[in-house]
Amino acid sequence: LNGASNLGIYSTLKFNELADFGSNENIKIVAEIKLLNTWQRNVRRYIVKKDGKMQIGTADDTLGTYRYTDNDRWIIENRDMGSMNELVDFVKFAIDPKGANCKADRYILVIWGHGEGWKGLSTDENPPGFAGKTEISLNDLKAGLKKIIAPDILNQKLNIICFDNCLMSQSEVAYQVRDLAKYVIASEEENDYVAFQYGKVL
């Protein structure tokens, strides 16, 4: 959930959609979120729990009744959400026994944030040590997804990759991921934050 842009408020709303359902014995939801504000730009990783919600637009995760602990929430330094290396690292973390430890039979990878179709996706307006902004190019996306499905990480194709971004249902995008996931979900239009309704899908 890349809220390191003008989408910060909406990233917390999407997190709370996941928390409406929450992880259970059959489905584990692992999420990474970053907001734009300098004072709360550290990346946070969660095993999302039912009713473990965030205050809207802030990194305060005490809105719901569930209280996260060091066993299901990890706060790390500012990372570049516009880098495919960060996404690869997050997926490694999700299945690592020393991380979230959520290895599974089937995987859905959802990338949420800004999308510009063939130009790239996941804009980070506050990356570490850089005054401008970054985003993942399609070439980097392909290279990173190849690492993710390789034997040392998932060792299988993604069952679904979902681009919860604007403009990602383009032939150039589909071509880059054609051998990396069984199904692709994306929009050819500009989305509002509601686009992919996690609660209904879960």
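Both Phe15 and Tyr46 are buried, and in this predicted model their rings make a good way into the fold. The ring centres lie 4.9 Å apart with the planes at 65°, so this pair counts as edge-to-face. Phe15 belongs to helix H1 and Tyr46 to strand E3, so the contact between the rings ties together parts that are 31 residues apart in sequence. A second edge-to-face pair is formed by Tyr66 and Tyr68, with 5.2 Å from centre to centre and 80° between the planes. Here the two partners differ in their exposure: Tyr66, at 26% relative accessibility, counts as partly exposed, whereas Tyr68, at 7%, counts as buried. That follows because the cut-off for buried is under 20% relative accessible area. Phe15, Tyr46, Tyr66 and Tyr68 join up in one aromatic cluster, and the structure holds six aromatic pairs.

Strand E3, home of Tyr46, is part of an open sheet of four strands. The order in this sheet is E1-E2-E3-E4, and the pairing is mixed. Strand E1 (2-3) and strand E4 (73-75) stand at the edges with a single partner strand each, so one side of each has no neighbour in the sheet. Strands of a sheet pair through backbone hydrogen bonds, either parallel or antiparallel. For E1 and strand E2 (residues 30-35), the arrangement is parallel, with two bridges joining them. Asn2 sits opposite Lys34 in E2.

Two helices come up against this sheet. Helix H1 (residues 8-21), the one that carries Phe15, lies across E1, E2 and strand E3 (44-47) and runs at about 160° to E2. Helix H2 (residues 84-95) packs on the sheet too, touching E2, E3 and E4, and its direction makes about 140° with that of E2. E2 and E3 are thus contacted by H1 and also by H2.

Further along the chain there is another open sheet, this one built from three strands. Its order is E5-E8-E9, and the pairing is parallel. The edge positions go to strand E5 (108-112) and strand E9 (181-185); each has a single partner strand, so one side of each is left without a neighbour in the sheet. Ignoring direction, neighbouring strands in this sheet are turned by 15° against each other on average. Strand E8 (residues 158-164) and E9 run parallel and are joined by four bridges. Within this pairing, Ile161 stands opposite Val184 in E9.

Aromatic rings also turn up next to arginine side chains. Arg45 lies over the face of Phe93, at 4.9 Å from the ring centre. By residue number, Arg45 falls in strand E3 (44-47) and Phe93 in helix H2 (residues 84-95). Arg178 is placed in a similar way over the face of Tyr175, with 3.8 Å to the ring centre.

One more aromatic residue, Phe130, sits in a loop, between strand E6 (121-124) and strand E7 (134-136). Its relative accessible area is 47%, so Phe130 is classed as partly exposed. The C-alpha atoms of Phe130 and Asp80 are separated by 9.5 Å, although the two residues are 50 apart along the chain.

Notes
Residues are numbered from 1 along each chain as its sequence is written. This is a predicted model: local features need pLDDT of at least 70, side-chain atom pairs count only at pLDDT 80 or more; totals for chains, interfaces and linings use all residues. Side-chain values use heavy atoms; hydrogens and water are left out. Buried means under 20% relative accessible area, exposed over 50%, partly exposed in between (1.4 Å probe, protein chains only). Two strands pair if DSSP finds at least two bridges between them. Contact means heavy atoms within 4.5 Å. Axes are lines fitted to C-alpha atoms, for helices over the stretch in contact, and angles run from 0 to 180 degrees between N-to-C directions. Rings of Phe, Tyr and Trp (its six-membered ring) pair if their centres lie within 6.5 Å; planes under 30 degrees apart count as stacked, over 60 as edge-to-face and the rest as tilted. A charge sits over a ring if NZ of Lys or CZ of Arg is within 6 Å of the ring centre and within 35 degrees of the ring normal.
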